[in-house]
Amino acid sequence: YGDWNAVGGNYFKEFNESIHTIKPFKIPEHWTRYRSFDYGLDMFAVFWWAVDEDGRCWCYREFEKKGLIVQDAAHAVLDNTLPGEKISITYAPPDMWARVKDTGRTMAELFTLNGVPIVKSDNNRVQGHMMIKDMLAPIPVNDPYVKSLFTEPPEKLPGLVFFNTLESAIEDIRDIQADDANPNDCAKQPH
C-alpha cells in the first residue's frame, strides 16, 4: 500500500513512523517522567518516558547493551539520566524480585542498592501488547506545549510517540511479528 517499510506479519500494524515518531524537542519540566527496563545478560534495555497533559506518552531516550551485570546496568541507567532530571518511578519486570540462590538477594535489591529503586510492573504480554496497540491510536491534542511544537497544530496525535532518534525502539516495534498460533500475542522468535 505504498509503505515500503511495512513488514508482512508484523504485530503492531498500527505503527507508522510518519505519525508515531517526532524530531526530539525539549521535554517540559512539569511533565511526569519515568523509566522502564528489561534486564538480562543477553540484553539490558531501558527507556525514558514523559507524559504530557493529555496523557500521551513520549519515549525520548533509550539505552541498550549486552553483558551487563546488575550493578553495571544500574550505573548505566544513572549515567544516561541527565543531572537534575526528575524521574518519578522506574518500572521493571517481576523476575527482578526472584531470589538469587548464592546471595539470597533479589536483583531488585541490587538495583536499589546501586541507586536505582524499581517498582514491579506487570508482564502479561497479551494485555501489555493490547495496551500498546490502544496507545498507538490518536487522541486529542489539548496540551499547549504540544500544540506549540507544530506550525499547524494537529487536532489529534497518537497516545504513544517516539523520538525519531530511538533507532532500536522504533526497529523493535516495527519488526515484531505476530504469533501464528495466537493472533492476540506476538511471536517469541526471533528474540
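Here are legends for three close-ups of this predicted model.

**View 1. Strand 3 and its two antiparallel partners, strand 2 and strand 4.** Strand 3 covers residues 44-51, and seven of its eight residues are buried, so the rest of the structure largely encloses it. On one side, seven bridges tie it to strand 2 (residues 32-38); look for Thr32, whose bridge partner in strand 3 is Val51. Strand 4 (residues 57-65) is joined to strand 3 by eight bridges, with Trp48 standing opposite Arg61. Both pairings are hairpins: five residues sit between strands 2 and 3, and five also separate strands 3 and 4. In the turn between strands 3 and 4, Gly55 has a positive phi of about 90°.

**View 2. Glu85, a buried loop residue between helix 2 and strand 5.** The loop here links helix 2 (70-79) with strand 5 (89-92). Glu85 has 12% relative accessibility, so it counts as buried. Its side chain makes a polar contact with the side chain of Tyr60, at 2.5 Å. Setting aside neighbours within four places in sequence, Glu85 is in contact with Arg33, Trp48, Tyr60 and Arg61. Trp48 and Arg61 are the facing pair from View 1.

**View 3. Cys57 and Cys59, with no disulfide to show.** A search of the whole structure turns up zero disulfides. Why no bond at Cys57? The closest cysteine sulfur, in Cys59, is 9.5 Å from that of Cys57, which is too far; a disulfide needs the two sulfurs within 2.5 Å. Cys59 is likewise in no disulfide. Both cysteines are buried: Cys57 has 11% relative accessibility, and Cys59 has a relative accessible area of 0%.

How values were computed
Residues are numbered from 1 along each chain as its sequence is written. This is a predicted model: local features need pLDDT of at least 70, side-chain atom pairs count only at pLDDT 80 or more; totals for chains, interfaces and linings use all residues. Side-chain values use heavy atoms; hydrogens and water are left out. Buried means under 20% relative accessible area, exposed over 50%, partly exposed in between (1.4 Å probe, protein chains only). Helices (H or I, at least four residues) and strands (E, at least two) are DSSP runs, numbered from the N terminus. A polar contact is a pair of N or O atoms within 3.5 Å; within protein, one must be able to donate a hydrogen and the other to accept it, and residues adjacent in sequence count only if both atoms are side-chain atoms. Contact means heavy atoms within 4.5 Å. Two strands pair if DSSP finds at least two bridges between them.
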